[in-house]
Structure formats: C-alpha cells, structure tokens
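Here's a quick walk through one structure, starting where two chains meet and ending with a pair of helices. Have the model open alongside as you read.

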Amino acid sequence: MKRLLSLYGIAFFAFVYAPILLVVLFSFNANPINMMIWDGFTLDWYRLIFGMETSVTESSTYIDTTPQLYSAVRVSFTVALTTTAISTVFGTILALAVARYRFRLAGLYRALLMVPMIMPDIVLGIALLIFFITIGMNLSMGTIIIGHCTFLISYVFVTVSTRLAQLDLSVEEASADLGASPFQTFRKVTLPSIAPGVMGGGLLAFIISMDDLVITYFIAGTGNTTLPIHIWGMLRRGIKPEINAIATLLLLFSIAVAALGLYLRSRQK
Amino acid sequence: MDTDQNRAVTRTFSLRGLTSSPFERGRTRQTDDVSGFNMPAPLEIIGAHKAFRSPEGATVTALDNVSVKLAQAEFMTLLGPSGCGKTTLLRTISGFETLDAGDILIDGKEVTNQPAFRRPVNTVFQRYALFDHMNVARNVGYALEIAGKSKRDIQARVGEMLELVGLEGLGQRNISQLSGGQQQRVALARALAAKPKLLLLDEPLSALDKNLRQKMQQELKTLQRELGIGFIFVTHDQEEALTMSDRIAVLANGKIQQLGAPDALYTKPANLFTADFLGESNLLPVAIERGVATLADGQNFPCSNESAKGTLLLRPEVLRRTAPSEPSLTVQGTVVASYYQGKDCLVDFESPSLGALKANLREFKSLPERGETVSFYASTSDLHVINEVSS
C-alpha cells in the first residue's frame, strides 16, 4: 500500500510538472524547426526576445517582436500594479467591515462578495464589455483596471477575512484598554496583525491580474495589449521556439513573486 | 505629572521606586483634608443593570441592580460560577459593555458612558491578549507610547515595570519566546505601566499550573499592597478568592449574594448559595422557636435567628472525634468512605437521623474504616444558622 501511494505520488508530480519542465528544456534547444529533437544548447531564443544579435534565421521567429513585447510587458505591469493597489485597499476595508460589524443580510453580503471568484471568466468578460459599451465608455487601460478590480477585490477580501477570523478580538480590546483610540488600535494592532493576509491578498491579486487573458481580451480594446494577449497573438502565428523562452521567464517571475511573499510572511513572525 | 521632583517625593513611600498616581493624589489631598475621609472611592457602582438577548431570543439578566463601592487600596474579588455576571460586571467597569441602567464612578468621576480608551483603568486579560507583533518592551510601553510619552520616559518606565514583575533583561524577547507564566507577568506589567487608578484582573491565573498559580497569588497580593491601588479580581476559584481578597463579592444570577471579608463569608454566610459555594458544607434544616434551634433528631442549641425555620451550616472541619468540654452537638453514623490527605482526613458518613454528612479531621490517630460506627462532636459556638431553607 505504501509503495502504491509513493508510486502514485511520483506519477502525480510527473503529470503536473513534466509539461512545464519540457517548456523550460525546449527554451534551450537550438533546433529551430522541430522542438522535439534536441539539437544542442543555445541561449539564442532569450537573446532574440531581448532583441540581441543571434544566429537564428528569420523564418523561425516572430518578426519584429521585441518592441511589441516590451510594450505588452509595460501595459501588464501598469495594469497589475494599479489593480493590486486598488483591490488590496478596498478588499481589506470590506473584510474589516464584514468581520467587525453585525448587520442584516451580512451572510448574503458575504456570499455576493464570493460570486466574482466562481463566475466563469467568459461571462464576466462579456458582461463587462456590454456594460462599458452601454455607459459609453471607450475601451482603454482604464477599463482593464476596472474590470480586474471587480473580481480581484473578492480575492483580497477572502484572504484578509481568513486572517481576521484567526485574530483574537481581545487584542483589540487590550489596545483600547491601554488608551488607544479606535484609529490608533487599527494602525498599531489590527493592521500589523493582519498584514500577512493583506500582503498575501495583494500578491495573489498581482499574479492573477498579470496572468488574466479571457476577461482582459474582451475589455482591452486596441492598443492596450497586455502580455497574455500578446502571447496569445504570437501563438496564432504558429508555435515558434522563442515562446518557450518567454514562458520560462514568466515562470521565473511568478516563482520570484511567490518567494517574495513567503519571505515577507516568514519575516512577520 | 511625571516630573522627576514628583517622583523623588513619592519614591520614599513606595517600594522599588514605584509611584502610583492614587498614592500621589492621596498625599496632595491629605494636606487640605487631614482626615482623608473625603477621598473619593476608587470605584463606585450604583444600581447597575444589564440584560443580554440570547441567540434563542430570550432575555438574560447579567446584572441585576448591582451596587458596590471599593475602599482605598482594596483588593476585591468577584466570585461566582460561570454565567453569574462577574465578567460582565468587570467589562462594564473597563468600558467594553455599556449598562442598561445605573452609574459607574471611577475616582469620583462618572464614566458610565465613556468609551474604554478614555477610562483610567487597565485590565489583565484572561488569555493575556499580548501583542504578538511587538516585543516585550513595546508591549509593556504600549500605553505610554499611545499617551505620547518621550522615548526616554517610556524606556525608564518599562525597565521599572520589568524589574517589578521579575523579567529584567527580557525586553527584547518576542512574546512567543516566553512561557505562560512569563506572558502573565508581561500582561501585568503592561497593565500597570500607565499607573491606572484601578487594576482589573479577569481570571488571570486560570491558565497557570497549580504551583505557579499559588506563587502568583501571593505575588499579586504583595504587589497590590506595595502599589496601594484598588484591584478588582474576577475568579471562579473560591480558594483563590479566600487567599487574596480584602473583600469578596459572591455573585449568582446577576446579583451580589453577599459582600464581605473572606472569614466572615466563610464562617457566617448570609445565604445558602454562599454557604454552599464557599468550601465544603453540611447543611441541615432546623426549626427555631424562642431562641432555640432544633435539629431533625431532636438535639437543640441556642440560636438568635428571628425566622421560624432555618438551615444549620456545619463545616466539615468543626467536627471532632472527642467531646469538647463546652456544650456541643453530637452526630453519629456509619462510615461510608474515608480519604487520607496528608495533613487531614476526609470522612463521608451516613447518620440515620440526619442523612449523608462529611467530616474533615485535623487530628486523628487512625483512619476511620468503612462500616465503622463513629461519633463526631461540634461545639455550639462553631455553629451558624442561615435564615433560608433549601427547597
């Protein structure tokens, strides 16, 4: 039984990580035509992304890709950082309100806050598009930010709520007992105590915003290509080896963000 | 208020360089009021009433017309079973609950509708409620930090407080690095740092093991005497209450059943609840007529109670195996069980006329055996009759 379970474990990890490992491996494969055949180690695909001199012939690349790629990265970062800031602040405020005050329909309120998380992306995308058209709003970076905030606030709300639920209320009472006004208590006791939750929610929002394709696709309009949309566009012109390099870099970036989150959390304790 | 001069004056009056504001206040008052009689009580509660709505929709009365006045530098314990209203009473003093009716005065000033953070009282919480994200020194100095004191003043006071509770040099530790007993001391130091007029303690020792608990009981009592401020101590542990208090308020069903010194409460309880709650007791119904109380088995003794019926409180430890020379009651019975406990011996026995009884023998040559017939004597001066009959 134990052998069977450990075999299952190996099989499971192979199933999840083999494709990712392949992408990383392919990104170093010198063969420009068939990725499946190893043709020696190269960094050319990375050099290509950054617009450096390579020995690659033009037929195996996405023509003129570097400036567009940079612009997409810039748009993605702008959108992700803005939405993270907005949704972290408002998600935290919502979580505090729902956790601290008793009001009628609090349960319904909580449930409604969860809905954007389980709503199919395609439905949310269409709904947002129709909404923006109805109120006469031109699709722009602003509409992407608004669209992302509508569901990312829910993610922050859930992460912060979990943290708040673990917080001993008597700590806030102790603060008041020692003379701190409600605002001082929030700044000196509540906020530092829930900081790991707020940070976790923020990082989650950042990664999801960076990564979102479906909803963004509907509400981006022209000229506001985010990185996922740009990659999607590249893929429609066939799978070329440099896509592996981009994917590997994205993977590295995500791991770095997650590691940063873990590091900040461990420093909290 | 916290000038060096002021501190130098008071230093001679309190131990270990500690100053407490009620003490300072007391001294300044005494110059214009020699008798000191007009000093306001540290705490006065008048006609406090508080009701809660239970989740089932029923109204639960937590405080029912409670009035109590604390004397200067008094250690008062609120004692009672869980749900008796003692914690609610404490929380209305600290300001976490508001009264439905009644008034609260702290140091002569009405605070009934003041929020907790404006009241000059501090609390030691049941599970300490320390700030995990701050080190020991910042926890202890929190009230001073909030009050906007200078870093130097805070540092000095924190040092004093850590020394007071025996945690010198642990200021830079994290809370999670401390034992339960040490956390308890940090909570105490934190609550005392701002020199409160009154310290509230909500079952602070309930999480400690027995030895540490007894040690802390003595330390707390000593500390209270040194500081000369009022302590309101909530507990459900009657031994703790008897050991530490100047006065005990026994609470049940939101009412103060009896308020008095520990020995008075123990030997002369006013009602059956107090008699039963404090210590072990044998409660026997008596009929009273013209100054004589008669037991079910016909024995009688002088009794000054006015009522026609009453209950005799016979503490297990007043029963002895040898007949005293003064007038006494005799109870006979068959031993059901006996327990050796080192310095004393507990005997459960069954009297044919009075039912199941308990005796606590301090002097005994041999343990009475199960089935043995025994006689116990209680001198009539050790008897106390309560004007209440159990239903």
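## Where the chains touch

In this predicted model, 17 residues of chain B are in contact with 15 residues of chain A (contact means that C-beta atoms, placed from the backbone, lie within 7 Å). On the chain B side, β6 (121–124) and α5 (142–146) each supply at least two residues; α5(B) gives the largest share, 3 residues. Helices here are DSSP runs of H or I with at least four residues, and strands are E runs with at least two, numbered from the N terminus.

Sorted by residue class, two contact surfaces look like this:

| Contact | Nonpolar | Polar | Charged |
|---|---|---|---|
| Side of chain B that touches chain A | 11 residues | 4 residues | 2 residues |
| α7(A) with α8(A) | 3 residues | 4 residues | 2 residues |

Ala, Val, Leu, Ile, Met, Phe, Trp, Tyr, Cys and Pro count as nonpolar, Asp, Glu, Lys and Arg as charged, and the others, Gly among them, as polar.

As for that helix pair, the axes of α7 (residues 169–177) and α8 (residues 182–211) of chain A come within 10 Å and cross at roughly 160°. The two are therefore roughly antiparallel (an angle over 145 degrees, on a scale from 0 to 180 degrees between N-to-C directions). V171(A), E172(A), S175(A) and A176(A) of α7(A) meet T185(A), K188(A), V189(A), T190(A) and S193(A) of α8(A).

A note on bookkeeping: residues are numbered from 1 along each chain as its sequence is written, and chains are lettered from A in the order in which they are written. Local features need pLDDT of at least 70 and side-chain atom pairs count only at pLDDT 80 or more, while totals for chains, interfaces and linings use all residues.

Methods. Parallel < 35°, antiparallel > 145°, perpendicular 65-115°, else oblique. Contact = placed C-beta atoms within 7 Å.
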